Amino acid sequence: MLIVLDGLGDRPNEVLGNMTALQAAFRPNLNFISRNGMNGLMHPISPGIRAGSDTSHLSLIGYDPEKVYTGRGPFEAMGLGMEVRAGDIAFRANFASRDDAMRILDRRAGRITSGTAELARDLNMEIGGVEFRVKEGVEHRAAMVMHGAGLSPNVTDSDPHEAGKKVSSVSATKPDGEITASLINKFLVESRKILDESDVNHDRIREGLPPANEILLRGAGIAPKLEPFSDRYNMKGACVVGIPMISGICSLAGITPLSVPGVTGRVDTDYRGKIKGAMEALKTYDYVLVNVKAPDIAGHDGDPILKRDVIEKIDDAVGQLVHLAEDTVICITGDHSTPCSMKDHSGDPVPIVFYSKGIIKDRTAQFDEISAQRSALRLKSGDVMQYLLQLSERSEKYGA
Ligand code: ZN
Ligand code: ZN
């Protein structure tokens with residue numbers, strides 16, 4: 001069982017007496033596991049890299065993002081709950097305001113807050129046998145997914161990335177992107193007609209608001225075709241996660257997302273229910289990934305008290321696990337640090353602990369960033385799968 005506490009790592013917070021949220025939390029169960037486990041620090045991806053949740057989770061489940069990650073588009077689309085299949089091309093998108101000369105007046109259409117669901121729905125279309133789907137996100141944000149044969153992510157953005165500049169038509173960055181680029185340009189022409197005629201924009205203009213009459217595309221990526229997890233590791237995998245992006249990544253690898261009642265990607269998730277659901281899943285599956293998003297949310301909010309409090313709730317839930325180590329290898333770590341002082345991901349390493357019957361214990365007695373510095377393990381996220389395999393006596397010998 002791999003438990004990923006999203007954005008777990010932190011830096012000292014003045015309001016917590018210069019402790020990290022983890023240090024400041026009452027965490028008897030995490031400390032018990034540390035005391036009885038093998039501890040250290042894990043670098044998400046590689047030392048100093050400020051990993052995203054997508055690249056880090058790919059790496060934690062054993063797929064090298066250097067080889068399979070071409071851009072944020074597909075992962076952002078999954079994050080909005082869109083269905084993204086291997087070979088699909090996806091973009092991050094913005095609803096924007098443009099004038100008749102194709103100049104971008106506002107890249108965020110006045111931070112539009114309503115009507116985007118309707119606009120997105122109207123942009124779903126098919127061109128040349130390729131399906132285009134758009135879904136709205138928060139405010140002006142959206143994503144666009146293309147589904148069809150022979151598509152390529154090797155195309156430029158239509159987003160000029162600066163107000164006052166003209167919308168660019170999309171072009172190929174490699175020869176295999178030419179057909180895809182021309183399809184996207186047709187989609188953009190068509191989408192402008194639809195957006196110009198939409199009631200949402202007529203109303204906005206009447207109210208003196210900037211119309212959302214352009215959809216700007218950026219960050220093209222292809223949803224990778226991953227070797228199935230079951231073939232690669234000879235294990236049947238499942239995951240208990242509250243955020244669509246991570247369940248989307250798992251789905252691409254053939255790790256089955258399970259729905260557990262009360263589990264969300266927010267701070268109000270059912271922490272105990274999540275761990276209980278994962279323990280239940282181990283009766284049917286060989287490998288279970290759990291993601292708890294709450295510490296990352298608190299980190300992005302810059303709220304050390306909230307981060308400490310959600311870690312205490314996690315600790316309480318983790319208490320259910322302490323006897324599981326009889327027949328299960330448990331690993332607890334983060335996918336990256338989200339220091340409250342930074343309100344974003346940093347490149348700091350995160351504590352990691354492995355816990356199972358008969359494991360070599362070290363002298364670490366507490367689970368936190370500082371105690372982990374005195375432990376021996378120094379891993380990268382890409383090593384975690386091998387550690388889980390060898391501790392569960394599932395790895396092949398390398399050599400004779
Ligand atoms: Zn994350
Ligand atoms: Zn984050």
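**Aspartate 296 and the zinc site**

Aspartate 296 has a relative accessibility of 3% and therefore counts as buried, the limit for this class being under 20%. The values reported here come from a predicted model. Aspartate 296 is located in helix H12, which spans residues 294–301. Histidine 300 belongs to helix H12 as well and lies four residues from aspartate 296, a distance of about one turn of the helix. In contrast to the buried aspartate 296, histidine 300 is classed as partly exposed because its relative accessibility is 30%, and this class covers the range between the 20% and 50% limits.

Both residues take part in binding the zinc ion (ligand 2). Aspartate 296 is listed twice among the donors, each time through an OD atom, while His300 and His345 each contribute NE2. The coordination distances run from 2.0 to 2.5 Å. Along the chain, the donors follow the spacing D-x3-H-x44-H. The angles subtended by the four donor atoms range from 55 to 145°, so the arrangement around the zinc ion (ligand 2) is irregular; a tetrahedral assignment would require all angles to lie between 85 and 135 degrees. A further zinc ion (ligand 1) is found 4.6 Å from the zinc ion (ligand 2).

Asparagine 201 was also examined. This residue is placed in helix H8, formed by residues 199–206. Its relative accessibility is 1%, and asparagine 201 is therefore counted as buried. With residues up to four places away in sequence left out, the contacts of asparagine 201 are Leu119, Leu195, Pro211, Ala212 and Asn213.

Methods
Residues numbered from 1 in each chain as written. Chains lettered and ligands numbered in written order. Predicted model: local features only at pLDDT ≥ 70, side-chain atom pairs only at ≥ 80, totals over all residues. Heavy atoms only, no water. Helix = DSSP H or I, 4+ residues; strand = E, 2+ residues; numbered from the N terminus. Buried < 20%, exposed > 50% of the residue type's maximum accessible area, 1.4 Å probe, protein only. Contact = heavy atoms within 4.5 Å. Donors = N, O, S within 2.8 Å, 3.2 Å for Na, K, Ca; no water. Tetrahedral: all angles 85-135°; square planar, octahedral: opposite > 155°, others 65-115°.
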